[in-house]
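Student: I have a structure to look at, and I would like to know how its descriptive terms are justified. Could we go through them together?

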Amino acid sequence: MTDASDASTPPRPLIQRRNLGDDVYHILWSRIVSRDLHPGEKLSDVKLSNELGVSRTPVREALQRLLRDGVIETRPHRGFFVRSFSGKDIEEIFEIRAALEALALRTLVLRSPDEDYGWALKQLDEVAEIIASAGTEEEIVCANERFLEIDQGFHMFLVDRSGNERLKNIINGIWAQIAVFQKAGTHVPRYIEIALRQHREIISLLRKKRHESAIEALENHNRVMKERFIADLAEDAREAEAT
C-alpha cells in the first residue's frame with residue numbers, strides 16, 4: 001500500500017550512475033538557473049541527498065564545485081546558499097568575459113583565419129524564425145531557451161577553437177554564473193533582438209576577415225549586454241521598493 005504522502009513528493013531526477021558528483025552538480029545548477037532554487041535559498045546537503053536519493057558525499061562535491069564557480073556562497077556557521085547577483089557582480093563578470101573572449105577570438109583567427117562561420121548564420125536564422133512564430137507562452141519559453149543554447153554555443157565555440165584549455169576552464173566557470181541571470185534576462189526589453197543583431201555583425205565581420213573589427217564588435221556586444229542586465233536589475237529593485 002502506498003503512503004498518501006507519496007503523492008505530494010516530486011519525482012526524483014534521473015541520475016546516471018557514472019560520476020555522481022557531476023550528475024548532482026548539473027541537476028543543482030539546472031535548478032538554480034530555472035529558479036527552482038531561489039537566490040538566497042539555503043542548500044542543505046542532508047535535504048538534497050534525500051531528494052536525489054544519493055549519499056551526502058556527491059552532494060557535498062557538487063556544492064563545492066558550485067561554490068568554486070561562484071553560483072552559490074557560504075555564510076559563516078550557516079552553510080551554503082544560492083547566490084544573488086548585484087549590479088557590481090554583473091559588471092565584474094562581463095568585464096572578465098569581454099577580456100577573455102576577445103583573447104579567445106584573437107587566438108582563433110590566428111589559428112583558423114579561413115573559418116567560414118556559415119553554420120553560425122544558419123543557426124541565427126533558425127532561432128529568429130522560431131522566435132517570430134512563437135505564439136503561446138510555452139512556445140515563447142522554448143524559443144528563448146533555444147536562443148540561449150545558440151548564444152552560448154557560439155561564444156563557447158570561439159573559446160573551444162582557441163585551443164587554450166586554461167582559458168576554456170576559466171570561461172566555463174564564468175559562464176556558470178552568467179547562465180544564472182541570463183535565463184531570467186530573456187524578458188529584458190529587446191534583449192534577444194539586440195543580441196541576434198550583434199551576433200550577425202560579429203559573424204559578418206569574421207566572414208569578411210575583418211578580424212580586429214570583429215573583436216571590437218564582440219567586446220561591444222559584451223558591454224551592451226552588461227548594461228542591459230544592470231539596468232534591468234536596477235528596475236527590479238525600484239519595483240520591489242515601490243511594493
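Tutor: Let's start with a hairpin: S2 and S3 form one, with three residues between them, and His77 in the turn has a positive phi of about 65 degrees. This is a predicted model, in which local features need pLDDT of at least 70, side-chain atom pairs count only at pLDDT 80 or more, and totals for chains, interfaces and linings use all residues. Residues are numbered from 1 along each chain as its sequence is written, and side-chain values use heavy atoms, with hydrogens and water left out.

Student: What makes S2 and S3 strands, and where is His77 placed?

Tutor: Strands are DSSP runs of E with at least two residues, and helices are runs of H or I with at least four, numbered from the N terminus. Strand S2 covers 72-75 and strand S3 covers 79-82, with His77 in the loop between them.

Student: What makes the phi of His77 worth pointing out?

Tutor: Most residues other than glycine have a negative phi. His77 is not a glycine, yet its phi is positive, near 65 degrees. Tyr117 likewise has a positive phi of about 65 degrees without being a glycine. Tyr117 sits in the loop between helix H4 (87-111) and helix H5 (118-133).

Student: Why is His77 called buried or exposed, and what about Tyr117?

Tutor: Buried means under 20% relative accessible area, exposed over 50%, and partly exposed in between, using a 1.4 Å probe and protein chains only. His77 has 88%, so it is exposed. Tyr117 has 2%, so it is buried. Across the protein, 42% of the 243 residues count as buried.

Student: How do you know that S2 and S3 pair?

Tutor: Two strands pair if DSSP finds at least two bridges between them. S2 and S3 are joined by four bridges and run antiparallel, so they pair. Within this part, Arg75 stands opposite Gly79 in S3, and Thr74 stands opposite Phe80 in S3.

Student: How many bridges link S1 and S3?

Tutor: S1 and S3 have two bridges, in the antiparallel sense. The cut-off is at least two, so S1 and S3 count as paired. Lys42 stands opposite Phe81 in S3.

Student: What is the order of the strands in the sheet, and which strands are at the edges?

Tutor: The order is S1-S3-S2, in an open sheet of three strands with antiparallel pairing. Strand S1 (42-43) and S2 are the edge strands, each pairing on one side only. Helix H3 (residues 56-68) packs on the sheet and touches S1, S2 and S3.

Student: Why are H5 and H6 called roughly antiparallel?

Tutor: Axes are lines fitted to C-alpha atoms, for helices over the stretch in contact, and angles run from 0 to 180 degrees between N-to-C directions. The axes of H5 and helix H6 (residues 137-160) come within 9 Å and cross at roughly 165 degrees. Angles under 35 degrees count as roughly parallel, over 145 as roughly antiparallel, 65 to 115 as roughly perpendicular, and the rest as oblique. The crossing is over 145, so H5 is roughly antiparallel to H6.

Student: Which residues make the contact of H5 with H6?

Tutor: Contact means heavy atoms within 4.5 Å. Among the residues involved are Trp119, Leu124 and Ile131 of H5, and Phe147, Ile150 and Phe157 of H6. By class, the contact has eleven nonpolar, two polar and three charged residues. Here Ala, Val, Leu, Ile, Met, Phe, Trp, Tyr, Cys and Pro count as nonpolar, Asp, Glu, Lys and Arg as charged, and the others, Gly among them, as polar.

Student: What makes H1 oblique to H3?

Tutor: The axes of helix H1 (residues 20-33) and H3 come within 8 Å and cross at roughly 55 degrees. That angle falls in none of the other ranges, so H1 is oblique to H3. The residues of this contact include Tyr25, Leu28 and Trp29 of H1, and Val59, Ala62 and Leu66 of H3. They divide into eleven nonpolar, one polar and three charged.

Student: How many helices and strands does the protein have?

Tutor: There are nine helices and three strands, following the pattern α-β-α-α-β-β-α-α-α-α-α-α along the sequence.
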